[in-house]
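Colleague: Please take a close look at a single part of this model. Tell me what surrounds it and how it fits into its chain.

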Amino acid sequence: MAAVPLVTVETPGTVDPRRKTLGAAVAGMLQEAGFTAFEKAALGTLTEMLQSLLSEIGRSTRAYAELAYRTEPVSGDVVMALVDMGISMDGLQAFRSRPNRVVITAPAQTVDMKQHNVLQVGDKKSHPAHIPEHLPSFPDTHTYCFSHTYKQPVTEYEAIREKAAAQKRDIERALTKYSAKTSDTQNLFFTDDKEFLLVSVAPHPKSYLDALMPRDQVFEEEEERKTKKKRRIVNEEGEPIQEKDKLNESQEGELDNPYLRPVKMPRKVKTKK
Amino acid sequence: MKKDREVQKPYKLSHQILSLTGINFVRQTVIGYTELTLIPSKDSFRYIWLNCKQCCVYRVTLNDTLEVTFQYFDPFLEVCPQESKQRNLEFLNKSQTTGALSVDPEIGRGELVIIVPSEAQHMIQEGKPLRVGVEFSLEKPQSGLHFVVPSTEGTLGEKAAHCFTYGHENSARLWFPCIDTWSEVCTWRLEFTVDDFMTAVSCGDLQEVVYTQDMRRKTFHYHLTTPTCAPNIALAVGPFEIYVDPFMNEITHFCLPQLLPLMKATSKYLHEAFEFYEELLSTRYPYACYKQVYVDEAYSDLHSYATMSILDVNLLCSNRIIDQVYQTRKTMALCVAQQFFGCFLSRQAWSDAWLTTGIAHYLMSLYVKKHFGFNDYKDWIHHELQEIIEYEERFGGIVLDPSSSPNEPQNGPNVSSGSTHSGSKDTFYFSVKNPHACSPHYIGVYYKKAHLVFNKHLSLALIAVTNKGHPAGWSHMLVSTETFTKAIFTVTGKDITVFCDQWVRQGGHAKFNMKFLFNRKRNIVEMTIEQGYIGELGIRRYVGPLVVWIQELDGTFKHTLQIEHQVSKKEIVCHSKSRRNKKKKIPLCTGEEVDMDLSHLDADSPVLWLRLDPDMTMMRAVEVEQPDNQWQYQLRHERDVTAQTEAINALHRLARLGAVTSEMRNTLNAVLENEQCFYKIRCRSAHCLTQVANAMVANWNGPPAMMQIFRKMFGAFSCPNIIRQHDFTSLQNYYILKTLPVAMAGLRNTHKSCPQEVLGFLMDLFKYSDNSKNRYSDNYYRASLMDALAAAISPAPVQHDPSTITSDTLTENIRRVLTEVTRYLNLEKMLPCYKYTVTASCLHAIRVLQKNGHLPTKSDIFKAYAAYPQYIDVRVSAVEQLVDMLSKDGHREDMDYLLTLAETDPVPRIRYLTLYSLAKNPPFLMGQSHKLDNEHLVERLWNLMNSGQACDSLVRCAVMDLYYAMYGRRRPACIPASEPALVLNLRKPPHPPILPPPVIQIKEEDVVPVVKQEPPSEDPFDPKNEVKIETQSFQ
């Protein structure tokens, strides 16, 4: 049992807002009458009763209005309808202006549910000339002829570059931020600054290795191999043999090089100078 | 004078053995033995002088049997005597010159004096060899031999510990006793015992490698049969990787571990240089082998020695690098050229150095011309000429061969580089700083006959080698100015003595100022050529022919004028009538015919432009006065890069004066866009355009200059505001791509700040730069982008107090700039690029931000980068930023930090470069008062050059350069005037001048056979001889 809410207990699903308001009105009146709680079914019944009363008043009001050849009812029509139904109007004025009446909140504006478009795939074909325009248009092309099942990716150059640049920048930013937070830093300012921190430089005893063999970019090594292969294919007649010779030669030359010769064993009698 | 010298020497060196056994990397010591075989040319002499520095000599023997006494004195341990309070350079230079002369091997002197006792006199007999053996050791050498032992974990091999010899000119004496001059050539036997994982690379042919008895070390035996002088002997020891050149088996390359792939990529062009020179000189390479060793912490890019070169490891580069390749190939070409001239053909004396270095550079430039193109070559020559002119006008004329002008003091090589500033009238600066001082004009004249001449020399030398065994024949292997002129006369039949007198034996250059008027009535050009600056520093009068080229409507006309007076008025008849109406192509000097838009030309004059001495046949500075439209025609249509460069320089001058027109802008734009034009000219015109645009900023409309060109050339097709993905296969475009952002960043709007549009453009370049599809590395491009950012920074509108500057006080633009700088700099820590080019540029950008008041001036950032184990290029850049800081708001700690670097840095090159950049950009100039200018500084510098750098004369002379830049030749103002006694001292220097040749004195003594020994301490030159004597070590 819930405490009397001004607004009726939400029923799940879609509730008719008109009914919701009516329910609120009934609940308000009940509260005025001194009730502190109600059963859901009782409220429902009372609401039902109120609704049928109101709709009956409305229906006969319209009938009176139409009887008098009007399309819009006037207050006289309402009075006639009430009289017709045998409802006395004596207390009505007093009821309307009673003190501490419960104000019912205006029903919330319902948001227009967006109409989902029917999935449109491809362009619809227009009618051929001999078919008049008012006839229904063709269905989507994929329903009766071949079409791709995937959407074309964005091919606009500018957008791609933009995206790639943004991605690269984000990665770099994250990386530098990370390293600025995890390692020692240098400050550009005299005051403490968090925004422009410089990662302090670490001593590197063999600094030439990093400097001469950079890791900032990765290049494929294949190109040259490819060109070599090509060359070999081009000079197929006789030439490859020559190349072999040259290879042999260079190997021989290497063997001949005094620096690559095997080291001699020490002489028995050490000759100085 | 030279002949006298030869006669003076009572002995001649014929063979030397050098054996180093204990090379210890941990303690950095070397133990060695050397034996010199001397052939006496007299029957008796009493002293043998050897050059030897910082060595500890244990024993000297004659013919292995007789141990003899010796004395040791090094004048550079303290250049000026202790008690002196003088602090002026004149005094120091005088002492230094005397000191250098007293040990000058060219006149047979040295630091180590061996006294031949009377009981040994019987060993001396003319023609009979005398062997002098010296046992010595070196301990932690300050200079001459450099040990590189990185402070990492691991064994010496893993650390890649290595050592190598180096030196400034003739400095072999720093690592072994020898006769340290170029003229004393002999054959060599060299033995080096090293750990078994090391390789010892040295001069000559490797005979064999033998293990020592304990099998833990091995000995390398080298034999050098070609007579070679001691300065051309070198050694490198390390765990090198060995690579035999696949094209020429006689070449072997050595590098440190892990660098082999780079070395393979770098060395693939080396054989071309060999082939080129052999073909050019039509002789074979004179030695049987050639070795290249790449070492870390090298003293300079290259040092050439007989059959080997020691190169900087930083010359190595992979196939992905563009900019470094040019430098590397030039250096290697020079190495090979120096094998021919410099190593094989050595010079007679220091004063003949211009010949060997000149020829070697000339050969190298021919190689450059062949491989990099004529434009590159000519531009280079032009650039060198400009440098020389600039130098001469600042410091005085360079004399190439000072030996034959007797009134000028003959300086030893060790003092020459610094003494230039300090000699009184006769300042000369030899080509130490600018080693190709002689090459440009040299090339101009000997252009065609040079190779013939050199060829002749080489063949002479080869003959000389064949009859070895008789050392007298070896004199052919030494080139001196005299023999050179003779040889040229015999080969070509031309006498070049006049030429030599004019350009070699005299310093300075000619300077012409040319004005002209076109006289329409007579159809002549009235020309005034004035030499108005005669008497100013470095400039001298020229009498002789001068070539003038006039480009007229009908073609180029060449005139040779005789210049006789200071002001020469000449009249030159024009060939073309001015007929503007006929549309006709205009022939150029190259024979091409081009269409020109002649509407901007003076309607009456047929003269398009004029050039003076266009082929740079002499050392000259030329000022041509032409109206701006003529300069523009010259820039646009002349095919010669030097003419175009000169035109751009002229436009620069005009822009500086504010005389700019929109035609000028159009011309520069046209050149920039012209793909036929040499890329360097295009880059220069971009920079010129910056200046022109800034001068006409008030009425500039449209997009900023060069923006459209950039978008056209490098923008993507569909969206020109985004830069295309990088593709550096077109080198021209690559260089322009690098230049344009920097040039554009120099643009300023009416508020003297960089236009917002340009800044946005730069930021977009940072954002969109994409190198993923490129075959080449973009590290130099990124560095130049960073330079562009630095160029875009203008002074802060509000100058805050440095301590209150925070990241919140920065303006929006500066924040963006700083974001990029920090991002790039931080990224380099994780992903370093080739040679840390980006880091170096970032440091510069930070300094620019500081200088303009956007950031507080803090030196600790730069100090961290300048500290020892960082990469050398980064260190140099950091040092430059620190130096830049000094003049404006430098503290004494910063200055002290830099001087400490100069004094004690482990890398000798950094010591020199620190001083060099200080001297280039001194914290204060003479006469300016500055808070750094105090007695402390003077004393520190003085001690550094007086006694701090006994061994490294390059560093000592660099200190002198710095001292000169700050204090000139006089006593620094902050030092109290010296006492009267010392003033007296100045007039009467403690060392008497050089005049009486010392050896002659000894000779006289020799004539009288005196048995009693006379200590050489009475020698007038060595007043301090008694200081350190005898068998114990002196460092």
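Modeller: Helices (H or I, at least four residues) and strands (E, at least two) are DSSP runs, numbered from the N terminus. This is a predicted model, where local features need pLDDT of at least 70, side-chain atom pairs need 80 or more, and totals for chains, interfaces and linings use all residues. Residues count from 1 along each chain as written, chains are lettered from A and ligands numbered from 1 in written order, and side-chain values use heavy atoms, without hydrogens or water.

I pick strand β23 of chain B, residues 510-519. Eight of its 10 residues are buried (under 20% relative accessible area, 1.4 Å probe, protein chains only). The strand is therefore largely enclosed by the rest of the structure.

β23(B) has a parallel partner in β31(B), residues 620-624 (strands pair if DSSP finds at least two bridges between them). Five bridges join these two. In one of them, Phe512(B) is matched with Val622(B).

β24(B), residues 524-530, runs antiparallel to β23(B), with seven bridges. Here Phe518(B) faces Val525(B). The two strands make a hairpin, with four residues between them. In that turn, Asn523(B) has a positive phi of about 55 degrees.

Now the wider chain. Chain B holds 31 helices and 31 strands. Of its 1035 residues, 63% are buried. Take its contacts (heavy atoms within 4.5 Å) between residues at least 6 apart in sequence: 72% join residues at least 24 apart.

Chain A offers a helical stretch. Residues 154-181 are 89% helix and 0% strand. Their end C-alpha atoms lie 37 Å apart.

Notes: Buried means under 20% relative accessible area, exposed over 50%, partly exposed in between (1.4 Å probe, protein chains only).
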